[in-house]
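Please open the structure in your viewer and keep a selection tool at hand. The tour below goes from one selection to the next.

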Amino acid sequence: MATPFPGGGGGVAIMAGPMNPLDPSPSKTCLKNSPVKSPILIFFLFHKAIRSELDGLHRAAVAFATDEDSSADIKPLLERYHFLRSIYKHHCNAEDEVIFPALDIRVKNVAQTYSLEHEGESLLFNQLFELLNSNSQNEESYRRELASCTGALQTSISQHMSKEEEQVFPLLIEKFSYEEQASLLWQFLCSIPVNMMAEFLPWLSSSISSDEYQDMRKCLCKVVPQEKLLQQVVFAWMEGVKMTDRHITSKDGSKVLCQDSGPSTSVSQIEKEHCACLSSKTNKRKYTEQNCDLSGSIVSCPIDEILLWHNAIKRELHEIVEAARKIQLSGDFSDLSVFNKRLHFIAEVCIFHSIAEDEIIFPTVDTELSFAQEHAEEKIQFDRLRCLIESIQSAGANSSSSDFCMKLCSHADQIMDSILKHFQNEEVQVLPLARKHFRPERQRELLYHSLCVMPLKLIECVLPWFVGSLSEEEASSFLRNMHAAAPASDSALVTLFSGWACKGCNANFCLSSTVTGCCPLNGIEGDTSQPIRTCSAEEKPFSVQSDRDVANGRPAKHSSISLEKNVASPPTENVNTLRLSCSNQSCHVPGLGVNGNNLGVSSLTTAKSLRSSSFSPSAPSLNSSLFNWGTDVSSSENGCTVRPIDNIFKFHKAICKDLEFLDVESGKLNDCSETFLRQFIGRFRLLWGLYRAHSNAEDDIVFPALESKETLHNVSHSYTLDHKQEEKLFEDISSVLTELTQLNECMNCANMLVDRNDALKKYNELTTKLQSMCKSIRVTLDQHVLREELELWPLFDKHFSVEEQEKIVGQIIGTTGAEVLQSMLPWVTSALTQEEQNKMMDTWKQATKNTMFSEWLSEWWNGAPASSSHSDTSESFTPAGTGGCDNLEHTDQTFKPGWKDIFRMNQSELESEIRKVSRDSTLDPRRKDYLIQNLITSRWIASQQKSPQATIGESSKGEDVLGCSPSFHDPEKQTFGCEHYKRNCKLRAACCGKLFTCRFCHDKVSDHIMDRKATAEIMCMKCLEIQPVGPVCRTPSCGGFSMAKYYCNICKFFDDERAVYHCPFCNLCRVGQGLGIDFFHCMTCNCCLGTMLADHKCREKGLEINCPICCDFLFTSSATVRGLPCGHYMHSDCFRAYTCSHYICPICSKSMGDMAVYFGMLDALLASEELPEEYRDHCQDILCNDCDKKGKAPFHWLYHKCQSCGSYNTKVIKVDSSSSHCLTSNQ
């Protein structure tokens, strides 16, 4: 077999040369696991050959892009890519048709993702060919773009194959026995078109090492059925011709005659063999014996054989239309499945007939002649009719209506009319040209190559059907034309075709023997004594889906084709025509054994994929019902209410926008601009960081939520692998950017150690490589995002309620730190419309409704703290000048005065407001007490708020400020700070104007509480200068002296000792590494919890209470807080002291730990005690605090055991002195 383009002939040397040399040593995979041991591992060899070809093509494209010779020819590269696309397309189609449906029966939710990836890769091929066929080949930007596109294609396919090797192949090996794997591989090979198999296997053989070749050969010996003829066909392909001796039929129809070589049995050799199938003299039709000289009895215009195909298709379509009408008249839908199978079969025939015309006949006759639009319309009509039938089948008997019958007949009539018109146009425009311009030999070649467009498994069904529709003379002529056109190397293949055709003859004689003078099998060497399939009248050449398949849920459209005409009871003549019989001495030609296999599916998927030169990623054409479950519900997005989870996926839009920027702007880096390179790196770092946060959220939260649903197991594994591969791409780009930065600095250095021209050449090579990598990451992530939206988005509608989605959104946001949010929100909103921004923020606020997120957002977005916020109150837990009372009353409709209003009130007005609060029954008692207490003291507080203003004004005039001296955290080491914090500055309290190291130091000596968020000035303890608050000293003498390692602009908090982070949902600074690292924020409890407490018991705003022991407010407490199993909290120190004498929660009375040992001790104690006689029969009604169940327990003055859970944490609710049944179960 020849290479897809000439070996010489100019162009770039690397493109014109042979395929890249391969490592002769076996791959690691093959050394460990040979295909002989597991047939499915032969796919590793397929992948190795494809990777090698991709790598060679990409290097050729890069060489073309960097070659200064503008006259370099792109045609060799174009031809090699045409060949690779054909190979890879059929490889993918066979996987979609055979491997993935079989895997989906055993392991759900794996196959669809890979099928979607196949379509994305097809789109990449189409985009590449648009570029290769453009008219801008001499422009530098074109060459760089070409190198980028080839790199993106290589990356996409390589990643896809790596994922298959990591996820799919191990599952196939685990879930399928050796025999089942062999069956799948054989079906895979039988699903690839015959003309492609003749090119694929030799190409594969030349792409692997000798050891791998021997392993593959041994594997195929076991995979191919043990029939001599089938073995000869496959190994003739595998060993027949070298790539340098064979040219393929390209898309434009150009073709070079193949040089055939290799051992095979010729037609003349077959003719010399003795024929075992003698002609019967009892034929109903007069049979004229013909000699074996093929040239003398063939019609002068073999191309007219196309008319026979047209007539057969029209006859079948006519019967289908009649069957549809009979269904309409009878209203009987019981045989609808058989009708659907007939429709599938004729659809396959029509589609492959169209492919043969588009790729073989029309380009040869007239390059400008095309019926592609008609073929596409016919495909759409078949799809509509098939969907209509499947919809009525899935809806059940209740949906059988006259409306459906009318649609069925209408669609059938439309198909019939369009195909009749199409055939008529072809017969008028095409056939006369073919008769005029081509000799009979060339016409026969075109017909033979048209037949070989179909895969073996379809040909086995089509040939008996087609021959069964012909007369004896027409059938004989068809076989003679086929034998005359087939090359000598295809003798075994054409013998197989002849035997299959013989099964469709109408008379009681062997059709093959009348054509070649012998029985097909007798021309094949080897023992024929083993059991062989026949084409006798009792055998049905087309198997029907078994009841077992139906019971196992096998989709109807995956079944084999059936030609039994029992749907509409066609005329007797047609029935007799389709009863395919031969003589008692039938042709001993083996069948493939795949059409009735439980693991097999129809080749309709392949045909439809072949019909279209491109896939639309926005509307994938997944023809298998296996892939319908994920896309059926996607339509629910249109016009429906916005789901909370949708707003998380809004990040996809921002990611795609930045990916486009990197892809486009990377082409401008060759200008060597240091400023532009720095900007580009900054944008890349931002995208990488935010993508990592997004992918981590999916891996840690979204995907586990999907996997938790029983029906969605394995649905996200492929996407997790995507994230790993994408992270590697980001790392590679980062490495190249680092090299570029260093090289740019070197080039801008006055003392360059290397030649500037060499450095510039290296720089251009790196920028070309970077542009290719940016294109690859864009394509990879675009396809990843698209598949998520097609496959995963609909699952949330189907399997998750709105509340569950809000919880997932809350978990994602709860692991996102303030710094990430500050970068993420402007980045996301810049890619959204105003309406999308509003919807996203509404969803976020709904998910964080129990938190201080809105306050944090307002403070950060506006650049200043809110004048009245919940966070202020929570931080200081005091109304003293913080505006906290305003926020506490935000939901109160009876009391909303601010501090200025309170200051203006007289005593009677103030008392009136206090009485209103006291009478308000809607307020929580604790809040009511809090408000009344603050109102009583409000006049004094307001007066205190007024006095500091004068103090601040006076001190600003240059007078000394109290506390204007350094303090030390460690006096011995002279470390600045205080006993509470290590820091290098003091805060100037806004309330009193004095300087304190921290708020605790202020509160310790003051009669009011400091609001640190109101701090506007600090004093550097090194230079003692008062200055605006900030992370470093602004005095020149300090030289940018840092105030602390950590500084929070919102809390005005400094810490030079511990790891601290600001939680945007607490709106406070907390001790820890950060959200998503060692803490997360629970949106229900409104508190930061350690990651180990992910499965805690939630209580709404559980931390916004006082400690039940010391009554300190827990939310703002600096002491360690401990969570109890019941969901309540207390200080850890308080917990240790309290549990010395108690084991129940002081709030809800639940046990605070595992009390099994203690309760066991009580059991032993009670067993050893003996109650007085008068109390032994007494019972007590009890309520268990742990399980909340009521029950009875024997009388005791202290301990009462719950009979339901065994707890002694109970309380007596009634003493029953008359009952003696004390051991009844709890209720």
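Is cysteine 149 buried or exposed? Select cysteine 149: with a relative accessible area of 16%, this residue is buried, where buried means under 20% relative accessible area, exposed over 50% and partly exposed in between, for a 1.4 Å probe and protein chains only.

Residues are numbered from 1 along each chain as its sequence is written. This is a predicted model, in which local features need pLDDT of at least 70 and side-chain atom pairs count only at pLDDT 80 or more, while totals for chains, interfaces and linings use all residues, and side-chain values use heavy atoms, with hydrogens and water left out.

Go next to cysteine 1020, which is buried at 0% relative accessibility. Cysteine 1020 is in no disulfide, and the nearest cysteine sulfur, that of cysteine 1033, lies 3.7 Å away, whereas a disulfide is a pair of cysteine sulfur atoms within 2.5 Å. A search of the whole structure finds 0 disulfides.

Now select phenylalanine 43 and phenylalanine 169, whose ring centres are 5.7 Å apart with planes at 35°, so the pair is tilted; rings of Phe, Tyr and Trp (its six-membered ring) pair if their centres lie within 6.5 Å, and planes under 30 degrees apart count as stacked, over 60 as edge-to-face and the rest as tilted. Phenylalanine 43 is buried at 0%, and phenylalanine 169 is buried at 2% relative accessibility. Widen the selection to the cluster that ring pairs link together, whose members include Phe43, Phe83, Phe169 and Trp203.
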